[in-house]
Amino acid sequence: MTMRIHGDKIEFPDGTEQFTASSGSGGGEAQPPVAFHLVSNADQLVTNTDETPVLFQNAVVDTDNGIVAEGYKIPKDGIYELSTTLRAVSSSYISTNTIMYVNDVRVNWAYGALNDTSSAVPISFSSVVDCKKDDIVRVAFNGANATFTLNNGWCSLSGHMISAITEGEVKEKEAVVFRANLHSTQSIGANTFTKVQFAKIE
């Protein structure tokens, strides 16, 4: 593999570039990545339809010390991929909603239901979000017909910055990002692989 170095820029064979230091008179430097992975350390009870904040008490990864009581405080402006995973169990019919917020704006949510009370509802989803410094990322959960337990060790909130502009002239390479949504009901047969039809790109 041959790489070409031009001052503070490295060119790779596939055409991609990486900045390594400050550029010109701008004085900016390529920023280290922002990444976090927060987990629960105790079971959490959620009663019926009350929307309850999900608690993530432990930071497995937290490059910028962003963990707060509500969830995670964004340390730098940028585009982030944010993900959450929950596992809810109940002694009766299970119907749940999991919502991810940035501040008070709902950025994504998921619905889950099971009739078999010996099983659990697994919830997992991610979202690409343009975040600003000091935004709070948080997750809330509610359900119907039962009191739920969010299992210790199965609940997490994670994310990483995928694009940012630094000070001065140096810029991290802009990422190509997209998000697609379903805008109509799609039927999927049992035991059949079916292509999901995304109708809208944001």
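**Exercise 1. Find the aromatic pair and classify its geometry.**

Solution. The structure holds one aromatic pair. Rings of Phe, Tyr and Trp (its six-membered ring) pair if their centres lie within 6.5 Å; planes under 30 degrees apart count as stacked, over 60 as edge-to-face, and the rest as tilted. The centres of the F36 and Y72 rings are 3.7 Å apart and their planes meet at 10°, so the pair is stacked.

Next, place the two residues. F36 is in strand β4, and Y72 is in strand β9 (residues 71-73). The pair links distant parts of the chain, 36 residues apart. Both F36 and Y72 are buried. Buried means under 20% relative accessible area, exposed over 50%, and partly exposed in between (1.4 Å probe, protein chains only).

A note on the model: it is predicted, local features need pLDDT of at least 70, side-chain atom pairs count only at pLDDT 80 or more, and totals for chains, interfaces and linings use all residues. Residues are numbered from 1 along each chain as its sequence is written, and side-chain values use heavy atoms, with hydrogens and water left out.

**Exercise 2. Describe the chain as a whole.**

Solution. Start with secondary structure. The chain has 18 strands and zero helices. Helices (H or I, at least four residues) and strands (E, at least two) are DSSP runs, numbered from the N terminus.

Then take burial. Of the 202 residues, 35% are buried.

Finish with contacts, meaning heavy atoms within 4.5 Å. Among contacts in the chain with a separation of 6 or more, 67% join residues 24 or more positions apart.

**Exercise 3. Analyse the hairpin of β11 and β12.**

Solution. Strands pair if DSSP finds at least two bridges between them. Strand β11 (residues 94-102) and strand β12 (residues 105-114) pair in the antiparallel sense, over nine bridges. In one of these, S95 has A113 of β12 as its partner. Now the turn. Two residues lie between the strands, and N103 takes a positive phi near 60°.

**Exercise 4. Locate the charges that sit over rings.**

Solution. The test is NZ of Lys or CZ of Arg within 6 Å of the ring centre and within 35 degrees of the ring normal. The charged end of R106 sits over the ring of W109, 3.9 Å from its centre. R138 lies over the face of Y101, at 4.2 Å from the ring centre.

**Exercise 5. Dissect the largest nonpolar core.**

Solution. Such a core is a set of buried Ala, Val, Leu, Ile, Met, Phe, Trp, Tyr and Cys residues joined through side-chain atoms within 4.5 Å. The largest has 30 residues. F56, L82, L86, F141 and L157 have the most contacts inside it. Strands that each supply at least two core residues include β10 (78-89), β13 (121-131) and β14 (136-144). The largest share, five residues, comes from β13.

Now look at L86. Leaving aside neighbours within four places in sequence, L86 contacts residues including V54, F56, V121, I123, F141 and W154.

**Exercise 6. Is S156 buried or exposed, and is I67 buried or partly exposed?**

Solution. S156 is found in strand β16 (residues 156-163). Its relative accessible area is 12%, so S156 is buried. Beyond four places in sequence, S156 touches H37, L38, V39, F56, S83, T84 and T85.

I67 lies in strand β8 (residues 67-68). At 29% relative accessibility, I67 is partly exposed. Beyond four places in sequence, the contacts of I67 include L38, F56, Q57 and Y72. I67 and Q57 are ten residues apart in sequence, and 8.2 Å apart in space, C-alpha to C-alpha.
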